[in-house]
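Let's take a friendly walk through the charged side chains of this protein. Keep the 3D view open as you read.

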Amino acid sequence: MAIASQYSANKVEDKWYKYWMDHKYFHSEVDEREPYTIVIPPPNVTGVLHMGHMLNNTIQDVLVRRARLKGFNACWVPGTDHASIATEAKVVAKLKSEGISKNDLSREEFLEHAWEWTHKHGGIILDQLKKLGASCDWDRTKFTMDDNMSASVIKVFVDLYEKGLVYRGFRMVNWDPEAKTTLSDEEVIYQEKQGHLYYLNYKIEGSDEVVTIATTRPETILGDTAICINPKDERFTHLKGKKAIVPICGRVIPIIEDEYVDLEFGTGCLKVTPAHDENDKVLGDKHNLEIIDIFNDDATLNDFGMHYAGKDRFEVRTEIVAELKESGVLVKTEEHTNKVGTSERTGAVIEPKLSDQWFLKMKDLAQPAIDAVVGDDINLVPEKFLSTYRHWMENVRDWNISRQLWWGHQIPAYYYGDGTNDFVVAESLEDAVKKAQDKTGNSALTSEDLTQDKDALDTWFSSWLWPMSVFNGVLEPENEEINYYYPTNDLVTAPEILFFWVARMIIAGYEYRGERPFKNVYLTGIVRDKQRRKMSKSLGNSPDPLGLIDQYGADGVRVGMLLSSPAGNDLMFDEDLCKQGSAFANKIWNAFRLVMGWEVSAEIEQPETSKIAIDWYKAKFQKSLAEIEDHYSKYRISDALMGTYKLIWDDYCSWFLEMVKPGYEQPIDKKTFDAVITILEDNLRILHPFMPFVTEEIWQTISERTPQEALIVAKWPEQVSYDEKIISEFAFASEVISGIRKIRTDKNIAFKNTIDLKIQNNDKVSDSFDKVIAKMGNIENLEYVNEQVEGALSFRVKSNDYFIPVGGAIDIEAEIVKLEEELKYTEGFLNSVNKKLSNERFVNNAPDKVVAVEKAKKADAEAKIEALKASLSSLK
């Protein structure tokens, strides 16, 4: 059989992916088998593949391919998320480059541009996942703004509103001045930033007194409506009941008392700006303070900003500090580090802002989701995230679900009057008209009298329904597919969206299905470079995933990603790991070529060495299979790969094939060859989830297969009992073989030259592998002896001594001189280590690790000295 001398990943991968697609192996329909379901964490519709996607989707593909081999009806649902903020920002930027402002367009016109952008860029990332080998059911691809997905979102909003869980309220929200929309608390990232603390003097009305306050935001003084002191603070008793004057604007404000004020922070006097600080808003409500909003939606100052109107907040900060300094109001400035909230999407510094928004009450909804994870209903892997999840859920706040965006699901609220409650919530305009007529008692109301809310829903309000909506389980809660595929099995995602997405999906699952949406949540780590820096475009430390695939093959990259990916811990990615993965693919290919290059004879008997080698490998395979299964059950995917890797590279390629390999230009017996092929096929089965392309190529090259016999739908090996004894016996024999090989290498004894081996069997080790030892060591005579052999090279395994008589093969006198020199050096080295360890000062003061290293050096030196003395004794 003509087999290519080199494995060509590029040719093989395109061929087999097309084959899998053509034969619909990825597609799933409801049948009698047990389902195994994964839903993809939907990437942004305008996104491109990055290293985090590579890791996440490789793990998902490993799980789904293994499930397929295990006989499950595997269904991996792909799709994309409309990503309101990110996509709208890209569309706005594109329009701006064309000289078009969003403000000059109607909603309908803007959405035309958004859909055009989506159709052009959407799905690029899904096509890129195919290059990775992702075996998604592409026929089921969903988009969060597909008609039935959108209808599901609207239906849920209306239902929650009718249950009294969705409400409209005037509240302090997180405002992104770049995207000009609100954000939920989870979309705000708090970063420590170096800033300043400004000490300002406010005059006391009707006196020459001043009161000093400290603030990090001097630009907000124009919105101050009070100064607050702690009633227990004796320093400011004289200020009670008085009023202060705000610098620059001259506003007269009351001095109020509240124990909220921290006596230790700043000066102990707090400026209160209810429109621009959440805690100040609480104080303002409690003391009936005026609310003065000084910012426009883009964080420039409005008319309350006086001569700073129209200028950006940070520009104003610089200018107002200069003005305050010039007027003598600024007393001093100190360096100050504080946490600043930034937008998860745009990176803009968040402004607290009072606004009419839609909220979802979360407290009661969250409880079943807490119980599910704290109990055994849903597993978080690794468990270290459980306490974080529980803390967040037990302290959950109402979810701000409205966004001031056009791209997304428009809120189904319809206004018919000027009052606060002059609206209805309905799934369609027609329903809204009927509801408005009923609510007002005015049957003459028409659709022309209604105006739909301009805001869109938070993107996560659609993706929290994802495991249900992809199977149309919201609109048709009893349809065949939702009842079969739901709940799903595993969810693979990143810890940073544990609350954005995972927790909310759990909440939605219990609210709308009365059960969990998935059983296990595997939380991956962050992909970092060798310097532990998070990979990002800005740092330039993130390789192009498709470039890696072109260079190392998809199998090589998959292995490279997973070799260093423990669940929940960050992945220290090194391109050399992909090189290692590619080398593994070549190793497997070359081993396959070796086997297929053997001449097979049905006429010769099976050697005893081959029989015992086959028995050993079958036992070793079963032991490894049990360990690999255990790793999978605990979601230790990296460990499962390493177990598979070592089994195939070390045990199969390095040992087994050497044991059964026929002599030079000799045929192999058919019985052994057939067993080798069967073993190879089992290896391919367990390796396939990790390296689907090279395994399918070898599988299909071994023999002609029908589409029903493809590896992708083959059967996972069954676990059976195995002989532990033969495994331990071979482990001992392999050390003996390694000892023989070392002496051959050290003494330049060519392998083609036979040697004798004499064994002093002090450990009473079984002789079952003697013929294997003889074959792999090219031993002519293997003999057991009762005493040491003179004039022989020796080595020890456990308590057994092995002697290789050298005769004229080496210069014995020269070897003795060499060994004596090595012994002298080693004894000197041991002496220096002993001196260090006998120094009490060193032992007591050095770190434990350093002392342990020295003790290990001592043990190694003593063992080496014993071996050298034994060798000298046998030669003299």
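What follows is a tour of salt bridges and one charged surface patch in a predicted model.

Start with the overall tally: the structure holds 60 salt bridges. A good one to find is the pair formed by K102 and E88, whose closest N and O atoms lie 2.4 Å apart. This contact links distant parts of the chain, for K102 sits in the loop between α3 (84-97) and α4, while E88 belongs to helix α3, 14 residues apart. Buried or exposed, where do K102 and E88 fall? Both residues are buried.

Now turn to K579 and D576, another salt bridge, with 3.6 Å between the closest N and O atoms. Because the two residues are 3 apart in helix α17 (residues 575-596), about one helical turn separates K579 from D576. Here K579 is partly exposed, at a relative accessible area of 46%, and D576 is also partly exposed, at 45%.

K311 and E319 bring their side chains together in a salt bridge as well, at 2.8 Å from N to O. K311 is partly exposed with a relative accessible area of 28%, and E319 is partly exposed with 27%. Elsewhere, salt bridges join into a network that links R217, E219, R313, R317 and E351.

Finally, look for charge on the surface. E108, E109, E112 and E116 form a negative patch there. Of these residues, E109 can be found in helix α4 (residues 107-121). E109 is partly exposed, its relative accessible area being 38%; that value meets the requirement of over 30% for patch residues.

Technical notes. Residues numbered from 1 in each chain as written. Predicted model: local features only at pLDDT ≥ 70, side-chain atom pairs only at ≥ 80, totals over all residues. Heavy atoms only, no water. Patch = residues over 30% accessible without salt bridge, like charges linked within 9 Å, V, L, I, M, F, W, Y side chains within 5 Å. Areas by Shrake-Rupley, 256 points an atom, 1.4 Å probe, with all protein chains shown as cover. Salt bridge = Lys/Arg side-chain N within 4 Å of Asp/Glu carboxyl O. Lys, Arg positive; Asp, Glu negative; His and termini not counted. Charge placed at Lys NZ, Arg CZ, Asp CG, Glu CD. Helix = DSSP H or I, 4+ residues; strand = E, 2+ residues; numbered from the N terminus. Buried < 20%, exposed > 50% of the residue type's maximum accessible area, 1.4 Å probe, protein only.
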